[in-house]
Amino acid sequence: MSLPSSRGKSSSFYERWVDVYEQAYRNPGNLDSVVCPHCGRLALNLIFIVDVPGETRSTFVFWCAACLGGLPPNRTRTPLHALPVFRGTEHVPNYELVVDEPGAS
Ligand SMILES: [Zn+2]
């Protein structure tokens, strides 16, 4: 997941979420040191939802349990050290999606 940074402005709220997601993705078993880009709390959750055991691709869901914001779920490659969750057994709150700001130039 990478974003073009051609707008010449400092990173947007969305981009900060993506940065934090990438940190979490690299080490999904240890979110204790990754703070929420919105509220600054240590309350982030990152899960990888799979349909069948052993699937190498999954749907990630990344949200903050404190302020209930997060990235829109998307398909990704499941990290090797992640513990996937089977679809239907996930516990995800109804959080607010952080989306890229359209047309800010
Ligand atoms: Zn938060």
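Helices here are DSSP runs of H or I with at least four residues, and strands are runs of E with at least two, numbered from the N terminus.

**View 1. The whole chain, with one helix and five strands.** This is a predicted model. Start at the N terminus and you'll pass the elements in the order α-β-β-β-β-β. The protein has 105 residues, and 20% of them count as buried. Look at contacts between residues at least 6 apart in sequence, and 51% of them turn out to join residues at least 24 apart.

**View 2. The open sheet, with its strands in the order 4-1-2-3-5.** Five strands make up this sheet, and the pairing is mixed. Strand 4 (85-86) and strand 5 (96-97) sit at the edges with a single partner strand each, so one side of each has no neighbour in the sheet.

**View 3. Strand 1 beside strand 2, an antiparallel pair.** Six bridges hold this pairing on the model. For a landmark, find N45, which stands opposite W63 in strand 2. The two strands form a hairpin with six residues between them. Within this hairpin, G54 takes a positive phi near 80 degrees.

**View 4. The edge where strand 4 meets strand 1.** These two strands run parallel and are joined by two bridges. I49 stands opposite V85 in strand 4. Now follow the chain into the loop between strand 4 and strand 5, where you'll find G88. Is G88 buried or exposed? It has 7 C-beta neighbours inside 10 Å, and a residue with 12 or fewer is exposed, so G88 counts as exposed. G88 and I49 are 39 residues apart along the chain, with 8.7 Å between their C-alpha atoms.

**View 5. The other edge, where strand 5 pairs with strand 3.** Strand 3 covers residues 69-77, and its pairing with strand 5 is parallel, over two bridges. G69 is a handy place to look, as this residue stands opposite E96 in strand 5.

**View 6. Helix 1, residues 13-26.** The helix has 14 residues and reaches 20 Å from its first C-alpha to its last, close to the 20 Å expected at 1.5 Å a residue. Which of its residues are buried? They are W17, V18, V20, Y21 and A24. Looking down the helix axis, you'd see these buried residues fall within an arc of 165 degrees, so they line one face of the helix. An α-helix has 3.6 residues a turn, so residues three or four places apart point the same way. On the face turned away from the buried side, helix 1 carries the exposed residues E22 and R26. And what covers the buried residues? The cover includes strand 1 (44-50), strand 2 (57-64) and strand 3.

**View 7. The largest nonpolar core, a set of 15 residues.** Seven names are worth finding here: W17, Y21, A24, L44, L46, F62 and L71 touch the most other members. Helix 1, strand 1 and strand 2 are the elements that give two or more residues to this core. Helix 1 provides the largest share, five residues. To see one member's surroundings, zoom in on L71: leaving aside neighbours within four places in sequence, L71 is in contact with W17, Y21, F62 and V98.

Methods:
Residues numbered from 1 in each chain as written. Predicted model: local features only at pLDDT ≥ 70, side-chain atom pairs only at ≥ 80, totals over all residues. Contact = placed C-beta atoms within 7 Å. Pairing = 2+ DSSP bridges. Expected span 1.5 Å × (residues − 1). Arc of directions from axis to C-beta. Core = buried A, V, L, I, M, F, W, Y, C linked by C-beta atoms within 7 Å.
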